[in-house]
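Reader: I would like to learn how to read contacts, cores and strands in a protein model. Please take me through them one at a time.

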Amino acid sequence: MSVSASHRIEGHAIVSADGCIADPEGNTPPSLNNEADWLRFQAALDIAAVVVLGRLSHESNPNTARRNRLVVSSSARGIERRSDAWWWNPADASLAAALGRAAPRGGIVAVPGGRLVFDLFLGAGYDAFHLARASGVTIPGGVPLFTALNAGKTAEAVLGAAGLVAGPEEMLDPVAGVTLVTWRRRTA
């Protein structure tokens, strides 16, 4: 899966200490909600040319900021413009075609997930992945950030195997124990 050089793919996630983004039912638990991370995340979405997320994430998070969205869904036929967003079925159209329609001038492609969308973009290649972690939170039986975590891998191992290198750890919220590490594409 390839994208044009004018698009920069950046993943965004906050995970629990055990690498989960949601509870077993697929909902984000309140324990992963953190104001410092939320403000940083919203600022990143504000500058994105397009925000790519799965159907369930789209439906559970109203687009009150009226950002340009591309919803990944098997219910779409290729690439469709609907009243609420662009909709894309990767089985019917390439990522390059979808981004060409949703963000024709290029720019930052913000990817806030869910898991299958995070997996999909591993194949496309992230330019950066902003991984926040709530160190004091565990979600037994939760939905992992990447499917590979079900096989015992860590999020860090998956990002490293995808060609990304960890930057320095930043403390976003010392009281809640929320940190941020930005992983970036290795340069030649």
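**Contacts and cores**

Author: This is a predicted model. Start with one residue and its contacts: setting aside residues up to four places away in sequence, Leu-145 touches Ala-13, Val-15, Gly-19, Cys-20, Ile-21, Arg-115, Phe-118, Phe-129, Leu-131 and Ala-155.

Reader: Which residues touch the most other members of the largest nonpolar core?

Author: They are Phe-129 and Leu-145, in a core of 37 residues. Another core, of 10 residues, lies apart from it, and its members include Cys-20, Leu-32, Val-137 and Ile-139.

Reader: Phe-129 was named there. How should I read the strand around it?

Author: Begin with the general pattern. In a regular strand, side chains alternate between the two faces of the sheet. Now the case here: from strand 8, Ala-128, His-130, Ala-132 and Ala-134 point one way, while Phe-129, Leu-131 and Arg-133 point the other way.

Reader: Are the residues of strand 8 buried or exposed?

Author: On both sides they are buried. Strand 8, residues 128–134, has seven of its seven residues buried, so the rest of the structure largely encloses this strand.

Reader: Which way does strand 1 run relative to strand 8, parallel or antiparallel?

Author: Strand 1 (residues 7–16) runs parallel to strand 8, and seven bridges join the two. As an example, Val-15 has Arg-133 of strand 8 as its bridge partner. Strand 11 (residues 178–185) is also joined to strand 8 by seven bridges, but this pair runs antiparallel. There, Ala-132 has Leu-180 of strand 11 as its bridge partner.

Reader: How many residues of strand 3 are buried?

Author: Five of five, so to read the strand as mostly covered is right for residues 50–54. Take the two faces in turn: Val-50, Val-52 and Gly-54 are buried on one side, and Val-51 and Leu-53 are buried on the other.

Reader: What does strand 3 pair with in the parallel sense over three bridges?

Author: That is strand 7, residues 107–113. In this pair, Val-51 has Ala-110 of strand 7 as its bridge partner. Strand 3 is also joined to strand 4 (residues 69–72), by four bridges, and these two run parallel. Leu-53 has Val-71 of strand 4 as its bridge partner.

Reader: Through which helix does the chain cross from strand 3 to strand 4?

Author: Follow the chain through helix 2, residues 55–60. The path from strand 3 to strand 4 is a β-α-β crossover, and its hand is right-handed.

Key. Residues numbered from 1 in each chain as written. Predicted model: local features only at pLDDT ≥ 70, side-chain atom pairs only at ≥ 80, totals over all residues. Heavy atoms only, no water. Buried < 20%, exposed > 50% of the residue type's maximum accessible area, 1.4 Å probe, protein only. Pairing = 2+ DSSP bridges. Core = buried A, V, L, I, M, F, W, Y, C linked by side-chain atoms within 4.5 Å. Contact = heavy atoms within 4.5 Å. Right-handed = clockwise from strand over helix to strand, strands pointing away.
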